[in-house]
Amino acid sequence: MKNNDDFFRTNKETWNKKVDVHAKSDMYQLEDFKQGKLSLMPYEIDALGDVTGKKLLHLQCHFGQDTLSWSRLGANCTGVDFSDEGIKLAQSLNDELGLDVKFVCCNVLDTSELIKDTFDVVFTSYGVIGWLPDLKPWGKMIADRLKKGGIFFMAEFHPIVWMFDYLEGDPKMKYGYMQEEVIYEEYEGTYANETSKIKSKEYGWNHGLSEVVNALTEAGLHIEYLKEFDESPYDVLPNLVKTDSGMFVTEDKLYPLIFTIKAAKI
């Protein structure tokens, strides 16, 4: 039986391989980003409002585009990710763009061991909590890193999405909404480039909405809202249909694709 360190090690190896592929992909639009395009979604910017002069901690930042986007909007940013290659590229982009973001390479659950500052905003988005076996230490870390009055905001794929296996043919409901056992998947390619020949080996965990909310409230945060949406800003699942607004939906719209949470440390 593998312990979580083994799972994390395998995931890190996979994400280190993904960085170069993602940086060259159409999905991440890196050249447009270098020319000034923000990677953030309008509703993320609306949720946090004016961040000028605010200290912002971005958890699981990949290669830092959202972190650097918040910096462009005036925040004093720190980004955290466990991928060495991701942090290396993030730091390179920061230097190239003349920004002043601090990037730290660590498992997100170890954030408080390396970062002692407190922040006005903690932000995280898309495909983040599924890499964590237990959300209680995640929630506590977020509360510890927030100043009193600080805001936590997350946008994430809905837990119903992770009940499906997308690797063969049409999506098939296979995994439990509240499944505790680790899920292992091995496949060729990556969501940003399905034709890539990299071999993805990934261990993940499903977390229902109640687990997410309780991890935050038990850590002392006050939930301002929880919203669910039947559309996604990213075309990362099979057979999604693009809408006139540029979002992506399932043909039948039977279940939500993403959710957002805003919480405060009071």
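**Exercise 1.** At roughly what angle do the axes of helix H1 (residues 4-23) and helix H5 (residues 84-97) cross, and within what distance do they come? Describe also the residues that meet.

*Solution.* The structure is a predicted model.

Step 1. Two packed helices are described by the angle between their axes and the distance between the axes.

Step 2. The axes of H1 and H5 cross at roughly 35 degrees and come within 7 Å.

Step 3. On the H1 side, the residues are Lys12, Asn16, Val19 and Ala23; they meet Asp84, Glu85, Gly86 and Leu89 of H5. By character, three residues of this contact are nonpolar, two are polar and three are charged.

**Exercise 2.** Determine where Ser232 lies and whether Ser232 is buried or exposed.

*Solution.* Step 1. Ser232 belongs to the loop that joins strand S10 (221-229) and strand S11 (241-242).

Step 2. Its relative accessibility is 2%. Because buried means under 20%, Ser232 counts as buried.

Step 3. Excluding residues up to four places away in sequence, Ser232 touches Phe157, Met247, Phe248, Leu257 and Ile258. In addition, the side chain of Ser232 reaches the backbone oxygen of Tyr234 at 2.9 Å.

**Exercise 3.** Establish how many disulfides the structure holds, and examine Cys77 and Cys105.

*Solution.* Step 1. A search of the whole structure finds zero disulfides.

Step 2. For Cys77, the nearest cysteine sulfur is that of Cys61, 10 Å away. Cys77 is buried, at 4% relative accessible area.

Step 3. For Cys105, the closest cysteine sulfur is in Cys106, at 7.1 Å, which is too far for a bond, because a disulfide requires sulfur atoms within 2.5 Å. Cys105 is partly exposed, at 31% relative accessibility.

Notes. Residues numbered from 1 in each chain as written. Predicted model: local features only at pLDDT ≥ 70, side-chain atom pairs only at ≥ 80, totals over all residues. Heavy atoms only, no water. Axes fitted to C-alpha atoms, helices over the stretch in contact; angles between N-to-C directions. Helix = DSSP H or I, 4+ residues; strand = E, 2+ residues; numbered from the N terminus. Contact = heavy atoms within 4.5 Å. Nonpolar A, V, L, I, M, F, W, Y, C, P; charged D, E, K, R; others polar. Buried < 20%, exposed > 50% of the residue type's maximum accessible area, 1.4 Å probe, protein only. Polar contact = N/O pair within 3.5 Å; in protein donor to acceptor, adjacent residues only side chain to side chain.
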